[in-house]
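Subject: Structure for you to look at

Hello,

Here is the structure I said I would pass on. My notes on what was found in it follow below.

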Amino acid sequence: MKEYKVKILDTVFDDIDSLADFIVSVSLPEHAVKYVRELGAEIMTLRYLADVIPQSRYRTVLHYHPHAKQLRTRNKKFNIIFHIEGDTVIVDKIIASKMIVN
């Protein structure tokens, strides 16, 4: 099994910051910190899962890269959109699952 490096684009950090801000607005800062940590851990699973995830068939996902793949988060509310370049997984975007349409 190949292990990849994971590169997270700056725009993805903006997505994560927006998620954290939303969580703080409806809950506690501690909940936002916990969720962001869990999301980071899920992103890092791409180090070894990237190969086994098939290319997406959704236009919404393929908009970010022609060979984009998606990893649905454990709570199924978000999708981590990424692609592979050589030995690196590049995380392109995090979007709400309900935003993915064919």
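The protein chain in this predicted model has four helices and four strands. Their order along the sequence is β-α-α-α-α-β-β-β. The radius of gyration is 14 Å, close to the 13 Å that the globule rule gives for 102 residues, so the chain is as compact as a globular protein of that length. Along its principal axes, the C-alpha trace measures out at about 40 × 30 × 25 Å.

Some totals for the chain come next. Of its 102 residues, 39% count as buried. Among contacts with a separation of 6 or more, 52% are between residues 24 or more positions apart. The exposed area is about 6400 Å², and carbon and sulfur atoms supply 57% of that area. As for charge, there are 15 positive and 13 negative side chains, with the centres of the two sets 8 Å apart.

Now the interior. The largest nonpolar core consists of 20 residues. Those with the most contacts inside this core are Leu39, Ile43, Leu46, Ile80, Phe82 and Ile94. Two or more residues each come from α1 (10–26), α2 (29–44), β3 (78–85) and β4 (88–96). Helix α1 gives the most, with five residues. In general, nonpolar side chains in soluble globular proteins tend to be buried together.

What does Leu46 touch, not counting residues up to four places away in sequence? The list is Tyr4, Val6, Ile53, Leu71, Ile80, Phe82, Val89 and Val91. Another core, of five residues, lies apart from the largest one, and Val61, Ala68, Ile95 and Ile100 are among its members.

Ile95 belongs to strand β4. With a relative accessibility of 8%, under the 20% limit, Ile95 counts as buried. Leaving aside neighbours within four places in sequence, Ile95 is in contact with Thr60, Tyr64, Lys77, Phe78, Asn79, Ile81 and Ile100. Ile16 is 79 residues from Ile95 along the chain, and the C-alpha atoms of the two are separated by 9.9 Å.

Is Glu42 buried or exposed? This residue of helix α2 counts as buried, at 10% relative accessibility. Beyond neighbours within four places in sequence, the contacts of Glu42 are with Leu71, Arg72, Thr73, Arg74 and Ile80. Ile80 also appears in the list of residues that Leu46 touches.

Lys2 sits in the segment before β1 (5–8). Its relative accessibility is 39%, so Lys2 counts as partly exposed. Outside neighbours within four places in sequence, Lys2 is in contact with Arg47, Tyr48, Asp51, Gly86 and Asp87. The C-alpha atoms of Lys2 and His83 are separated by 15 Å, with their positions 81 residues apart along the chain.

One backbone angle is also worth noting. Most residues other than glycine have a negative phi. Lys76 is not a glycine, yet has a positive phi of about 65°. Lys76 is in the loop between β2 (69–72) and β3.

Regards

Note on methods
Residues are numbered from 1 along each chain as its sequence is written. This is a predicted model: local features need pLDDT of at least 70, side-chain atom pairs count only at pLDDT 80 or more; totals for chains, interfaces and linings use all residues. Side-chain values use heavy atoms; hydrogens and water are left out. The radius of gyration is taken over C-alpha atoms; the globule rule is 2.2 Å times the number of residues to the power 0.38. Buried means under 20% relative accessible area, exposed over 50%, partly exposed in between (1.4 Å probe, protein chains only). Contact means heavy atoms within 4.5 Å. Accessible areas come from the Shrake-Rupley method with a 1.4 Å probe; for residues, only the protein chains shown count as cover. Lys and Arg count as positive and Asp and Glu as negative; His and the chain ends are not counted. The place of a charge is taken as NZ of Lys, CZ of Arg, CG of Asp or CD of Glu. A nonpolar core is a set of buried Ala, Val, Leu, Ile, Met, Phe, Trp, Tyr and Cys residues joined through side-chain atoms within 4.5 Å.
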